[in-house]
Amino acid sequence: MDTSRLLRTTGTVIAAAGLLLSGCTSGGSGEPGAAAASLPSAPPSPDAAALRPYYAQKLTWRDCGVPGFQCSTMKAPLDYANPGSGQDVDIAVSRRTATGPGKRLGSLVVNPGGPGGSGIGYLQAYAGIGYPAAVRAQYDMVSFDPRGVERSSPVECLSGPAMDKYTQVDQTPDDAAERAELVAAFKEFARACEAKSGRVLPHVSTVDAARDMDLLRGVLGDQKLNYVGASYGTLLGATYADLFPDRVGRLVLDGAMDPARPALELNRDQTEGFETAFTSFAKDCAKQPDCPLGKGDPDAVAARLKEFFRKLDAQPVASGDPDRPLGEALATTGVIAALYDESAWPQLREALSSAMNGDGSGLLSLADSYYEREADGKYANLMFANAAVNCLDQPAAFTGPEAVDTALPSFEKASPVFGAGLAWAALNCTYWPVKATGKARELTAKGAAPIVVVGTTRDPATPYKWAQALAGQLESGTLLTYDGDGHTAYGRGSECIDTAINRYLLEGKAPQDGKKC
């Protein structure tokens with residue numbers, strides 16, 4: 001399987017905050033993210049008169065070098081609490097107009113997750129050509145890079161070589177020196193973000209992005225927002241619905257997050273999710289003749305993987321890049337990347353087998369796709385935007401290393417293999433240069449039209465219980481369940497799921513609450 005397709009064309013999911021991302025979206029394959037974000041409180045009510053010029057702007061569409069797609073740039077106020085300041089951010093937008101036949105239903109805005117995933121990349125590589133033909137026939141397919149992401153006033157932090165070092169830092173410190181090294185890495189990351197992106201860092205919250213999405217709705221000429229959001233995109237969509245319930249059209253929130261859970265719980269829940277996904281992989285692996293982790297129950301398979309990680313921690317193996325041997329940190333990222341989509345399991349078995357025989361190039365390739373590292377050593381700004389949004393959206397999971405120590409037993413219980421690394425990864429927001437503006441809280445979207453919330457029972461990045469929680473919080477939420485593996489459900493091969501969502505998008509008929517596929 002093409003790793004780049006697995007981890008990029010279908011979205012990005014990143015959840016809670018750390019060296020590791022936390023999700024990917026769906027749509028045939030998937031892509032990852034980092035830990036889990038929650039919802040900021042709404043900022044002060046923006047001045048309506050000062051916002052009028054933004055809503056009145058006209059988009060100038062141009063060819064953007066991808067057949068069938070057009071691109072434009074939308075202006076948005078840097079600070080919605082002071083929209084008349086004259087300071088703006090550029091929001092990159094792309095669309096593919098409805099192909100027909102059939103009645104045009106307006107725009108369908110899509111978001112792949114993250115935070116930090118490029119909506120434009122997702123639209124042009126997957127959604128605009130891979131969504132069901134009937135949906136593309138009647139909707140203009142639209143997406144945007146949220147503020148701080150890639151083409152939209154992007155957050156910039158570390159250089160390529162510095163990111164190479166950052167991704168290799170030991171995430172399971174064994175002694176005081178390794179703990180100090182990890183803390184220093186988080187601090188250096190934060191300092192670099194502040195130095196290069198201090199202007200935008202206070203203004204890239206999920207609430208800011210949701211306000212941008214309403215601005216986009218208005219500029220596109222739509223009375224209501226029709227939207228499909230995956231993974232973190234569900235938090236963005238639910239935030240929009242809570243802010244603008246009267247402007248909700250047809251909203252699909254696939255691979256849902258729970259906005260009421262604080263960062264510590266989100267990270268621990270996600271750790272459980274990856275353990276669930278790994279258990280499914282382990283059961284399947286033990287049945288395969290090429291399983292490098294041997295036979296036996298999932299616990300035995302997990303123990304062998306943990307032992308392999310321990311060996312890499314002591315002695316990395318060659319990867320084909322002399323500056324980046326495969327150590328425990330990169331190997332763990334590579335494994336987690338492949339857990340987003342069960343179609344990557346054969347590739348994971350092959351990569352693990354090679355690494356156990358001294359060739360770490362396969363796992364390194366998976367890790368690079370997860371981090372969106374190009375062959376020339378340049379990184380997309382996924383990880384930078386991910387941290388910037390997560391650390392602004394709610395207070396950090398931990399106050400310092402001692403708090404991680406206290407939480408470690410619960411994380412290791414949640415996942416003997418991944419628990420320690422994911423706990424330490426959640427320390428990164430502790431050193432963020434901008435104080436969090438939001439907090440975990442329920443979203444109700446009182447008065448909104450029916451909203452479809454989709455949950456996958458063995459989703460690694462957004463545990464099923466989050467979908468149950470969000471559907472319960474939203475006054476008009478209806479829960480659609482996919483009993484399966486992988487991250488998100490729409491477009492992943494379930495005719496039952498796809499039929500239910502397509503009917504909702506095309507006819508406005510939401511599936512019965514509690515429907516299971």
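A residue counts as buried when its relative accessible area is under 20%, as exposed when that area is over 50%, and as partly exposed in between. Keep this in mind as we walk through the structure, which is a predicted model.

**Two aromatic pairs**

Let us start with phenylalanine 281. Its relative accessible area is 0%, so phenylalanine 281 is buried. Its partner is tryptophan 345, which at 10% relative accessibility counts as buried too. The ring centres of phenylalanine 281 and tryptophan 345 lie 6.0 Å apart with the planes at 75 degrees, so this pair is edge-to-face. Phenylalanine 281 belongs to helix α9 and tryptophan 345 to helix α12, so the pair ties together parts that are 64 residues apart in sequence.

The structure holds 16 aromatic pairs. Another of them joins tyrosine 166 and phenylalanine 186: with ring centres 6.5 Å apart and planes at 70 degrees, the pair is edge-to-face. Here tyrosine 166 sits in helix α5 and phenylalanine 186 in helix α6, so parts 20 residues apart in sequence are tied together. Tyrosine 166 is buried, with a relative accessible area of 6%, and phenylalanine 186 is buried at 1%. You can also follow ring pairs through a cluster made up of Tyr166, Phe186, Phe189, Phe384 and Trp432.

Here are the two pairs side by side.

| Ring pair | Distance between centres | Angle between planes |
|---|---|---|
| Tyrosine 166 and phenylalanine 186 | 6.5 Å | 70 degrees |
| Phenylalanine 281 and tryptophan 345 | 6.0 Å | 75 degrees |

**The nonpolar cores**

In soluble globular proteins, nonpolar side chains tend to be buried together. In this model, the largest nonpolar core has 126 residues. Which residues have the most contacts inside this core? They are Phe189, Phe278, Leu305, Leu339, Leu363, Phe418 and Trp432. Leucine 305 is a good place to zoom in: not counting residues up to four places away in sequence, leucine 305 touches Phe278, Leu293, Val335, Leu352, Val417 and Phe418. There is also a second, separate core of 24 residues, including Leu123, Val252, Leu480 and Ile501.

**Where two helices meet**

Helix α12 covers residues 345-356 and helix α13 covers residues 361-371. Their axes come within 7 Å and cross at roughly 130 degrees. Why are α12 and α13 called oblique? Angles of 65 to 115 degrees count as roughly perpendicular and those over 145 as roughly antiparallel, and a crossing of roughly 130 degrees fits neither range, so the two helices are oblique to each other. On the α12 side, the contact is made by Gln347, Leu348, Ala351, Leu352 and Ala355, while α13 brings Gly362, Leu363 and Leu366. By class, this contact has six nonpolar, two polar and no charged residues.

**Two more residues to find**

Is threonine 172 buried or exposed? At 18% relative accessibility, threonine 172 counts as buried, because the cut-off is under 20%. You will find threonine 172 in the loop between α5 (160-166) and α6 (176-197). Leaving aside neighbours within four places in sequence, threonine 172 is in contact with Glu178, Asp313, Glu328, Ala420, Gly421 and Trp424.

Glutamate 272 lies in helix α9 (residues 263-285). With a relative accessible area of 33%, glutamate 272 is partly exposed. Beyond its neighbours within four places in sequence, glutamate 272 is in contact with Ala414 and Lys465. The C-alpha atoms of glutamate 272 and glycine 116 are separated by 23 Å, and these two residues are 156 residues apart along the chain.

Conventions:
Residues are numbered from 1 along each chain as its sequence is written. This is a predicted model: local features need pLDDT of at least 70, side-chain atom pairs count only at pLDDT 80 or more; totals for chains, interfaces and linings use all residues. Side-chain values use heavy atoms; hydrogens and water are left out. Helices (H or I, at least four residues) and strands (E, at least two) are DSSP runs, numbered from the N terminus. Buried means under 20% relative accessible area, exposed over 50%, partly exposed in between (1.4 Å probe, protein chains only). Contact means heavy atoms within 4.5 Å. Axes are lines fitted to C-alpha atoms, for helices over the stretch in contact, and angles run from 0 to 180 degrees between N-to-C directions. Angles under 35 degrees count as roughly parallel, over 145 as roughly antiparallel, 65 to 115 as roughly perpendicular and the rest as oblique. Ala, Val, Leu, Ile, Met, Phe, Trp, Tyr, Cys and Pro count as nonpolar, Asp, Glu, Lys and Arg as charged, and the others, Gly among them, as polar. A nonpolar core is a set of buried Ala, Val, Leu, Ile, Met, Phe, Trp, Tyr and Cys residues joined through side-chain atoms within 4.5 Å. Rings of Phe, Tyr and Trp (its six-membered ring) pair if their centres lie within 6.5 Å; planes under 30 degrees apart count as stacked, over 60 as edge-to-face and the rest as tilted.
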